Amino acid sequence: MSSTAVFFAAARVVAALVVAAVLTVSLLTRRRTPSSPEQGQELVRAVGEMRLKMDELAEDLSVALDRAERESRRNRLFGELGSSIDLAELMDRVLDAAMEIPGFDAAMMVVERQEGVPAVATRAMTEQETARPPTSGVAGALPGTITVSYRYGRDREAPDTELIRGGAFIPLMGRELRPVGTLSLFWRTIDTEPQPEQIDQAESLAESCIPAIENARRYGEARKLAETDALTGLYNQRFFHETLRREVMRANRYQRKLALIVFDLDDFKSINDQIGHLAGDRVLAQTADRLSEAVRSVDIPCRIGGDEFAVILPESSAEDAEQLYGRVHNSMRGTVLGTDDERMRISAGIAELQHGDTAASLFERADGALYRAKELGKDRADTAKSAGEQERR
């Protein structure tokens, strides 16, 4: 039933309520002075029956209005699916629409990505459920929806737990029937399953979102190519400066910490001349691997020049950046260059965001600290202090 049909159904219920009220008033008017006890009992019975009828109509009205509101929200979310090319935002919108379908208490969406790590988004699921989500028990993509019921052991059937009792797994099939991902909807009520019309709504949602998902994936892949350094796989210089500017603005607005560390391979030019450019490229790639292993998940590692790297550390202090340098420095000690057992050495400059800093000034302070580290003997880090304070060596 469309939202318009539901609306008119609700209007009919309203009209019925009005008619019932008029009839009740008319009845009371005609019989407000009963001529016998039997007539008085009849009046009381009629009024009682009318009251029950009005209560039923009022309940029907509430259900109809709630259904109309949910369908209106769902239709609005359906219409917004194609307006985003960001995959994470699109998945959020799909799950918002899915949770508007009656009969479902939780949802999960998985979308495959080219780099091999799928994108996952959930709604109303616990951390344990998200870490180990229920499955259909059937490997691989299927041409149709699978509905599964779950049973648990007595040790898990505590009265205060809201376990997932079943799920509907809807494969997202792209062009040429290539699997794009899965939309999984769950319910927690015992001995119940969604009605066929609710499954149909979920399948309609899944079908509607597939073109938008494919567009978002293509956009994400193209954007990653534009933002990634081809040699090292790290973010490139353009992405670094754009992200640094955005993170500085965010940190200033919300008065949060932000640190920046700039790395440089010591004497890389002479190393490159000794072992050749191809071997030098391998050294840069190896450096990027060490850097990627050392950073936290929230940090943003980038290659900003020939042998220069940088890491943006949101919600972090200079001490956090110094610890990162220590991890990178230790991992570099095991990297041998050439045939003379020469070890890779790396210097770094560190700066923490100060009041009045811009992205440019923060980078300049970190870069200045890097040059001081070079002047002080290389293979070390130097931390920039705020204006008026002595620089720490």
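A residue is called buried when its relative accessible area is under 20%. At 8% relative accessibility, Phe169 therefore counts as buried. I start with that residue and work outward. What you see above is a predicted model.

Phe169 has an aromatic partner, Phe186, and the two rings sit edge-to-face, 5.7 Å centre to centre with 80° between the planes. Phe169 belongs to strand S4 and Phe186 to strand S5, and they are 17 residues apart in the chain. Is Phe186 buried or exposed? Its relative accessibility is 1%, so Phe186 counts as buried too. The strand around Phe186 is mostly covered: seven of the nine residues of S5 are buried.

Now the sheet that holds these strands. It is an open sheet of five strands, in the order S2-S1-S5-S4-S3, and the pairing is antiparallel. Which strands stand at the edges? They are S2, residues 119-123, and S3, residues 146-149. Each has a single partner strand, so one side of each is left without a neighbour in the sheet. From one strand to the next, the twist averages 15°.

As a reminder, strands of a sheet pair through backbone hydrogen bonds, either parallel or antiparallel.

Let me go through some of the pairings. S3 is joined to S4, residues 166-173, by four bridges, and the two run antiparallel. Here Val148 stands opposite Gly167 in S4. S4 in turn pairs with S5 over eight bridges, again in the antiparallel sense. On that side, Gly167 stands opposite Phe186 in S5. So Gly167 has Val148 across from it in one pairing and Phe186 in the other. S4 and S5 form a hairpin with five residues between the strands, and in it Glu176 takes a positive phi near 60°. S5 is also joined to S1, by six bridges, with the strands antiparallel. In that pairing Met109 stands opposite Leu183 in S5.

Next, the helices on the sheet. Helix H3, residues 87-98, lies across S1 (106-111), S2 and S5 (179-187), and runs at about 30° to S2. Helix H5, residues 196-227, lies across S1, S4 and S5, at about 40° to S4.

How do H3 and H5 pack against each other? Their angle is about 175°, and their axes are 10 Å apart. That makes H3 roughly antiparallel to H5. On the H3 side of the contact are Leu87, Leu90, Val94, Ala97 and Ala98; these meet Leu205, Cys209, Ala212, Ile213 and Ala216 in H5. The general point to keep in mind is that an α-helix has 3.6 residues a turn, so residues three or four places apart point the same way.

Moving further along the chain, I come to helix H6, residues 237-254, which contains Thr243. At 1% relative accessibility, Thr243 counts as buried. Leaving aside residues up to four places away in sequence, Thr243 touches Ile300 and Ile312.

Back to aromatic pairs for a moment. The count comes to five, and Phe169 with Phe186 is an edge-to-face pair among them. Phe263 and Tyr325 form a stacked pair, 6.3 Å centre to centre with 20° between the planes. This pair links distant parts of the chain: Phe263 is in strand S6, residues 258-265, and Tyr325 is in helix H9, residues 318-332, 62 residues apart. Phe263 and Tyr325 are both buried.

The last stop is helix H7, residues 268-275. Which of its residues are buried? They are Phe268, Ile271 and Asn272. Viewed down the axis of H7, these buried residues fall within an arc of 100°, so they line one face of the helix. The face turned away from that buried side carries Lys269, Asp273 and Gln274, which are exposed. After H7 comes Gly276, with a positive phi near 95°.

Helix H8, residues 277-294, packs against H7 at an angle of about 130°, with the axes 7 Å apart. The two helices are therefore oblique to each other. In the contact, Phe268, Asn272 and Ile275 of H7 meet His277, Ala279, Gly280, Val283 and Leu284 of H8. Phe268 and Asn272 thus appear twice, among the buried residues of H7 and in the contact with H8.

That is the tour.

Methods. Residues are numbered from 1 along each chain as its sequence is written. This is a predicted model: local features need pLDDT of at least 70, side-chain atom pairs count only at pLDDT 80 or more; totals for chains, interfaces and linings use all residues. Side-chain values use heavy atoms; hydrogens and water are left out. Buried means under 20% relative accessible area, exposed over 50%, partly exposed in between (1.4 Å probe, protein chains only). The arc is that of the directions from the helix axis to the C-beta atoms. Two strands pair if DSSP finds at least two bridges between them. Axes are lines fitted to C-alpha atoms, for helices over the stretch in contact, and angles run from 0 to 180 degrees between N-to-C directions. Contact means heavy atoms within 4.5 Å. Rings of Phe, Tyr and Trp (its six-membered ring) pair if their centres lie within 6.5 Å; planes under 30 degrees apart count as stacked, over 60 as edge-to-face and the rest as tilted. Angles under 35 degrees count as roughly parallel, over 145 as roughly antiparallel, 65 to 115 as roughly perpendicular and the rest as oblique.
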